[in-house]
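Reader: I have a new model open and would enjoy going through it with you. Could we take it one question at a time?

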Amino acid sequence: WLRRAVFDFKHKFRMKHGPESDCSVLHVRRADIIFHEQHARKYHPIADYVKLIPKEKLNDPNHTIFLLTDDDNALNEAHEFYPNLRWKYIDRPRHSGSSGGWENQTPSLNPALELIVLMATFELAQDCSSFVHGHSGLSDYIWTHMAANAGNKRVTRLRVDDRKEVFNEKYLHSEEELAKLLDEKRAIKGGIKPTKIETVETAVTSSTDLDDSCTHQSDSSGGGVIIVNLLGLLANNLFEVAFAKMLASQLGCSWHVVYRSSWNTAFPTPQTDRCFPNALAKNNNRSGDKTQLLKLIQQIGVNQDVHRIFDAVTFNDLELEDSEHNNIFSDQSDANDVKVEWIKTFGQKALVIDHEEYHNEREEVIEPSNVLSILNDKPKVRVLDLNAFFVNYRWMDGRMDDISQWLHIDPSCCTTPPPGNDAIVIHIRDFLPDDEDKNKNLQVGVYRDIIQQYSQSDQPKVVVVCQPRS
């Protein structure tokens with residue numbers, strides 16, 4: 001019965017709204033998110049979501065916006081401030097703002113209907129090619145369905161709270177602040193007079209982007225340490241440092257970043273610091289306050305062997321007064337074994353993100369929002385151990401401008417002239433064994449088809465980079 005009920009629900013919805021050339025999904029999560037004290041989240045106005053939709057979609061008269069929300073006020077807001085956009089949404093009972101109270105997720109009082117709506121939403125969202133949302137486990141799950149069933153369609157994910165502070169006690173008053181903002185907009189349009197709403201200021205420190213001057217102030221989470229285990233060579237390291245920087249910029253300055261270099265890693269070294277001056281987070285063991293780093297680690301609870309969590313390169317860079325600890329590691333495996341045991345002493349205060357184990361257990365791509373979601377569920381965590389490559393475009397989608405800025409290379413470090421914006425660059429990695437399951441090497445015809453499809457001229461400039469050179 002459930003499968004039939006979901007099918008009928010989807011069919012009725014599509015018949016009502018008719019065919020469209022394309023659509024975008026907006027997930028506006030509100031309701032009880034302001035009741036989470038220090039983990040309260042913001043009521044973002046509809047305008048914050050709409051401005052992230054690509055302009056070419058907004059200019060398409062056939063483009064529709066599939067609005068998913070638990071707030072009835074959001075529907076009225078969408079129609080009031082964007083009457084010319086084509087909105088569609090599921091006709092169902094909803095709370096108005098926070099009126100439902102804490103964790104009241106069934107406003108219809110009909111569990112069967114709520115289940116049908118939820119399952120239909122997962123499938124209806126797959127009709128669209130862009131997804132705009134904030135921090136939400138449901139959003140992560142919807143995106144998983146959209147990405148997995150995209151086929152040849154390119155789907156885009158955009159975060160309304162990207163590079164913004166996600167959790168803060170000040171958001172306890174977010175509902176009143178949103179009402180005040182909308183009243184001010186109405187006044188500007190010549191509508192009703194704004195309602196004066198007094199809010200109570202909370203004594204909390206806001207998060208600062210790590211590209212700015214980071215002074216390591218404490219935030220509501222108490223802070224902690226992000227340990228970045230640099231794996232592989234330069235290309236892998238670029239993914240790893242970008243992921244760590246994206247995560248650290250959202251956690252705040254009181255989370256201190258430590259980079260652990262291995263025997264063959266590119267970061268951190270004087271050369272990579274010079275060639276990639278924006279890559280490493282400012283509050284780390286190389287560019288930050290070393291004394292404050294050690295003090296922070298000791299404050300969150302460790303034994304006297306705290307110095308031994310780092311390999312020799314990183315450890316020596318700390319310039320400790322106690323010189324007898326220097327050069328104590330014979331190889332990287334020794335340092336790593338000590339770090340693993342050290343992490344275990346924290347118990348629930350530590351969170352290890354290991355690529356294989358994490359990916360297999362969660363069945364989703366590791367990205368900053370996943371890690372932040374886990375930290376939200378485990379507020380006692382003070383040590384975050386990143387031990388993965390993070391080589392996946394899905395977590396970078398929609399964030400490429402920032403990542404390009406972070407990973408900008410000093411031109412003086414390039415010994416090969418750049419190929420140019422009109423060139424097609426093909427990177428061939430053919431040093432792995434040809435394995436049917438994991439390392440299937442592509443045939444030449446695949447690259448030829450790609451060149452034919454994406455070239456903008458009859459004689460395109462093609463640059464082939466082989467690894468190794470063969």
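Author: Gladly, and please keep in mind that this is a predicted model. A good place to begin is strand β4, residues 130-133, which runs parallel to its partner. Four bridges join β4 to that partner, β5.

Reader: Which residue in β5 does Val132 stand opposite?

Author: Let's follow the pairing of β4 with β5, two strands that run parallel. Across from Val132, in β5, stands Leu158.

Reader: Thanks! In what order do the five strands of the open sheet come?

Author: The pairing in this sheet is parallel. Its edge strands, each pairing on one side only, are β3 (86-88) and β5 (156-159). Neighbouring strands are turned by 25° against each other on average, with direction ignored. The order is β3-β2-β1-β4-β5.

Reader: At about what angle to β2 does helix α4 run?

Author: Helix α4 covers residues 72-81 and lies across β1 (22-28), β2 (63-69) and β3. Relative to β2, the helix runs at about 155°.

Reader: How do α5 and α6 lie to each other, and why?

Author: Helix α5 (residues 111-124) packs with helix α6 (residues 137-148), their axes 8 Å apart. The contact is made by Leu118, Thr121 and Phe122 of α5 together with Leu138, Tyr141, Ile142 and His145 of α6; these residues divide into five nonpolar, two polar and no charged. The angle between the helices is about 50°. The two are therefore oblique.

Reader: Is Glu114 buried or exposed?

Author: Glu114 is found in helix α5. Leaving out residues up to four places away in sequence, Glu114 touches Arg92, Gln105, Thr106, Pro107 and Ser108. Its relative accessibility is 12%, and since the cut-off is under 20%, Glu114 counts as buried.

Reader: What is the handedness of the disulfide of Cys23 and Cys128, and why?

Author: This disulfide has an S to S distance of 2.0 Å. It links distant parts of the chain, with Cys23 in strand β1 and Cys128 in the loop between α5 and β4, 105 residues apart. Cys23 is buried at 0% relative accessible area, and Cys128 also counts as buried, at 0%. The torsion about the S-S bond is about -105°, so the disulfide is left-handed.

Reader: And how far apart in sequence are the parts that Cys275 and Cys413 tie together?

Author: These two cysteines form a disulfide with sulfur atoms 2.1 Å apart, and both are buried. With -90° about the S-S bond, their link is left-handed. Cys275 lies in helix α9 and Cys413 in the loop between α16 and β10, so the parts tied together are separated by 138 residues.

Notes: Residues are numbered from 1 along each chain as its sequence is written. This is a predicted model: local features need pLDDT of at least 70, side-chain atom pairs count only at pLDDT 80 or more; totals for chains, interfaces and linings use all residues. Side-chain values use heavy atoms; hydrogens and water are left out. Axes are lines fitted to C-alpha atoms, for helices over the stretch in contact, and angles run from 0 to 180 degrees between N-to-C directions. Angles under 35 degrees count as roughly parallel, over 145 as roughly antiparallel, 65 to 115 as roughly perpendicular and the rest as oblique. Contact means heavy atoms within 4.5 Å. Ala, Val, Leu, Ile, Met, Phe, Trp, Tyr, Cys and Pro count as nonpolar, Asp, Glu, Lys and Arg as charged, and the others, Gly among them, as polar. Two strands pair if DSSP finds at least two bridges between them. Buried means under 20% relative accessible area, exposed over 50%, partly exposed in between (1.4 Å probe, protein chains only). A disulfide is a pair of cysteine sulfur atoms within 2.5 Å.
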